[in-house]
Amino acid sequence: MASTTQHADVVIVGTGHGGAQAAIALRQHGHDDSILMIGRDKAPPYERPPLSKEYLAGDKGFERIMIRPEAFWADKGIDLRLGAAVTGIDPLHHRLTLSDGGEVTYRKLIWSGGGDPRRLPVPGAVLPGVFYVRDKADADAMMEALSGGAKRAVVIGGGYIGLEAAAVLRKLGCEVVLVEMLPRLLARVAGEELSAFYAEEHRRQGVDVRLETGVQAVLGEDAGRVTGVKLDTGEEVPCDMVVAGIGIVPAVAPLIAAGAAGSNGVDVDFCCRTTLDDVYAIGDCAAHANDFADGAVIRLESVQNAHDMANTVAKAIMGDKQPYHALPWFWSNQYDLKLQTAGLSLGYDQTVLRGDPETRKFTVVYLKAGVPIAFDCVGTMKDYVQGRKLLESGVGRIDPALLADTEVPLKDLL
């Protein structure tokens, strides 16, 4: 166990997109002092979104999802301390204690800890064969189960992670039952048009989609392996594996214990500073007032948010304090469909359907008091690109009939 104290000018906790980009941006903006990245993951920084898509499907090997080649970090003088978690923060003395027994001191701390998968709150949830898709080890374990003969899966959760996992499992030849407690898929992030489209698409691809259905227990044999799932209807669905995608819990316990403000994640200001001196937070765990949500304090679980917050913090540390202001965007790959989202549909009061879902190419426009606030684009790249520009321009009210007319390019509505 390490016992010596290590020091770095800037310590970054987390080796995902946010942490990696923070280190890269610091070097790009002229920071020439020491940088240390600390990660619970044992692998060097890699992209998380492909874990439930191309990586799980076997279409991309690990080398292709690495954020930079492994040698990059040493070449840039960025130290990596992998396989270690931060267990405590002493904000007065700028000191971290680690799970490997070591201590690290810092001048500035950037917390990019992300989140941990929300665990199933039912009996049997810890049985072998219950999987979450949050890191490489999770995806590797799923791949091992599949190569070992698992052919029947129950996916719990109808959000993006669950739907992406279901799509990959179908591609790999598994029977899939998808269970969602709410009345529709993607209920928290999308309108009814998109929900209905993806429910129909997954059913067309052979997924048994069960809406308004909960889980009572995960069932297992005497040896402990998963054998099925008991639904709240009393039905027992046999399976070889369970994949749960029911959200994340922000990984901020050491920050909160050290006195940082926060309830849903950790609170940050316009430059992503926490209430602790010299401590910043970025990415999934950072609760911030978002300009594209009418100033509401929210957390955004997206690569875009992590990347742009990292740039904001790097500039702030280098003396260029610019408020975080970036249009949120997301994407999801399911089967041969690519969904691209621009903006936040929070609080929308009207939707406009642009195109025909039957063609598998269409856009849903979200309006609030007549003003576009978000676009969900399925196979409509032009709408996505032009919709982003509309939102970034701060466009006002637009006639819904013009938005619905596919003969009218969105750029003409600027």
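Q: Where does Gly 173 stand relative to helix 5, and what phi does Gly 173 take?
A: Gly 173 comes just after helix 5 and has a positive phi of about 95 degrees. Helices here are DSSP runs of H or I with at least four residues, strands are runs of E with at least two, and both are numbered from the N terminus. The model is predicted, so local features need pLDDT of at least 70 and side-chain atom pairs pLDDT 80 or more, while totals for chains, interfaces and linings use all residues. Residues are numbered from 1 along each chain as its sequence is written, and side-chain values use heavy atoms, without hydrogens and water.

Q: Which residues of helix 5 are buried?
A: An α-helix has 3.6 residues a turn, so residues three or four places apart point the same way. Buried means under 20% relative accessible area (1.4 Å probe, protein chains only). In helix 5 the buried residues are Gly 162, Leu 163, Glu 164, Ala 165, Ala 166, Ala 167, Val 168 and Leu 169.

Q: How many bridges join strand 1 to strand 6, and how many join strand 1 to strand 2?
A: Two strands pair if DSSP finds at least two bridges between them. Strand 1 (residues 5-13) runs parallel to strand 6 (residues 103-111), with eight bridges, and His 7 stands opposite Thr 105. Four bridges join strand 1 to strand 2 (residues 35-39), also in parallel, and Ile 12 has Met 37 as its bridge partner. From strand 1 the chain passes through helix 1 (residues 17-28) to strand 2 in a right-handed β-α-β crossover: with the strands pointing away from the viewer, the path from the first strand over the helix to the second runs clockwise.

Conventions
Buried < 20%, exposed > 50% of the residue type's maximum accessible area, 1.4 Å probe, protein only.
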